[in-house]
Amino acid sequence: SINNEDTVIFLSYNAHINKEQLTLFDKISNPKILVSCGLDYDINFMEKAESIISLNCAKLSSIKALSELLTK
C-alpha cells in the first residue's frame, strides 16, 4: 500500500483540469514530493506537498532526467 511508504513522489499533469489527480493527491497521507509535469497551476492546488519540482514537461527524456536526479 502507498501509505506504508516513507515518502511519495506524485507526478501531476494539469491536475486543475483532471481533478481526479487532486482527489488522489489529497488521499495520500504520507509526505509528498509534487512533480508538476504540465502547467504550474497544479502547484496552487496541491499546497500540502513537502517539496515541489516544476518539470513543465511530460516527455520521456524529462522524466528520465528527473529519475536520475532523484536517485543520485
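Helices, taken as H or I runs of at least four residues, and strands, taken as E runs of at least two, are DSSP runs numbered from the N terminus. With that naming in hand, select Asn56, which lies in the loop between strand E3 (51-54) and H3. This is a predicted model, and in it Asn56 has a positive phi of about 55 degrees although it is not a glycine. With a relative accessible area of 45%, Asn56 is partly exposed.

Next, select Asn14, whose place is in the loop between E1 and H1. Asn14 also is not a glycine and has a positive phi, in this case of about 50 degrees. Its relative accessible area is 12%, so Asn14 is buried, the limit for that word being under 20%.

**The nonpolar core**

Now select Val8, Phe10, Ala15, Leu22, Phe25, Ile28, Leu34, Met46 and Ala49 together, since these nine residues make up the largest nonpolar core. Two elements give two or more residues to this core, namely strand E1 (8-12) and helix H1 (20-27). As background, nonpolar side chains in soluble globular proteins tend to be buried together.

Within this set, centre the view on Met46 and display its surroundings. Not counting residues up to four places away in sequence, Met46 touches Phe10, Ser12, Ala15, Gln21, Leu22, Phe25 and Leu34. Then move to Leu22, which lies in helix H1 and counts as buried at 13% relative accessibility. Leu22 and Met46 are 24 residues apart in sequence, yet their C-alpha atoms are 7.2 Å apart in space. With residues up to four places away again left out, Leu22 touches Ala15, Phe45 and Met46.

**Rings and charges**

Select Phe10 and Phe25, both of which are buried. The structure holds one aromatic pair, and Phe10 and Phe25 form it in an edge-to-face arrangement, with 5.2 Å from centre to centre and 75 degrees between the planes. Phe10 lies in strand E1 and Phe25 in helix H1, so the pair ties together parts that are 15 residues apart in sequence.

Keep Phe25 in view and add Lys32, whose charged end sits over the ring of Phe25 at 4.4 Å from the ring centre. A further arrangement of this kind can be seen by selecting Lys19 and Phe45, where the charged end of Lys19 sits over the ring of Phe45, 5.7 Å from its centre.

**Down the axis of H1**

Turn the view so that you look along helix H1, and colour Gln21, Leu22 and Phe25, which are buried. Seen down the axis, the buried residues of H1 fall within an arc of 100 degrees, so they line one face of the helix. On the other side of H1, select Glu20 and Lys27, which are exposed. Returning to the buried residues of H1, what covers them includes E1, strand E2 (32-36) and helix H2 (41-45).

**Ser12 in strand E1**

Select Ser12, which is found in strand E1 and is buried, with a relative accessible area of 1%. Leaving aside neighbours within four places in sequence, Ser12 is in contact with Gln21, Leu34, Val35, Ser36, Cys37, Gly38, Asp42 and Met46. For a distance across the model, add Glu68, which is 56 residues from Ser12 in sequence and 18 Å from it in space, C-alpha to C-alpha.

**The cysteines and Ser62**

From the contacts of Ser12, continue to Cys37, which counts as buried at 5% relative accessibility, and then select Cys57, which is partly exposed with a relative accessible area of 22%. Why is there no bond between the sulfur of Cys37 and the closest cysteine sulfur? The closest cysteine sulfur to that of Cys37 is in Cys57, and at 8.3 Å it is too far for a bond, because a disulfide requires the two sulfur atoms to be within 2.5 Å. By this rule the count of disulfides comes to zero.

Finish with Ser62, which is found in helix H3 (residues 60-70). Ser62 is buried, with a relative accessible area of 19%. Leaving aside its neighbours within four places in sequence, Ser62 is in contact with Leu55 and Cys57, and with Cys57 selected as well, the view returns to the loop between E3 and H3 where Asn56 lies.

Note on methods. Residues numbered from 1 in each chain as written. Predicted model: local features only at pLDDT ≥ 70, side-chain atom pairs only at ≥ 80, totals over all residues. Heavy atoms only, no water. Core = buried A, V, L, I, M, F, W, Y, C linked by side-chain atoms within 4.5 Å. Buried < 20%, exposed > 50% of the residue type's maximum accessible area, 1.4 Å probe, protein only. Contact = heavy atoms within 4.5 Å. Phe/Tyr/Trp six-rings, centres within 6.5 Å; stacked < 30°, edge-to-face > 60°. Lys NZ or Arg CZ within 6 Å of the ring centre and 35° of its normal. Arc of directions from axis to C-beta.
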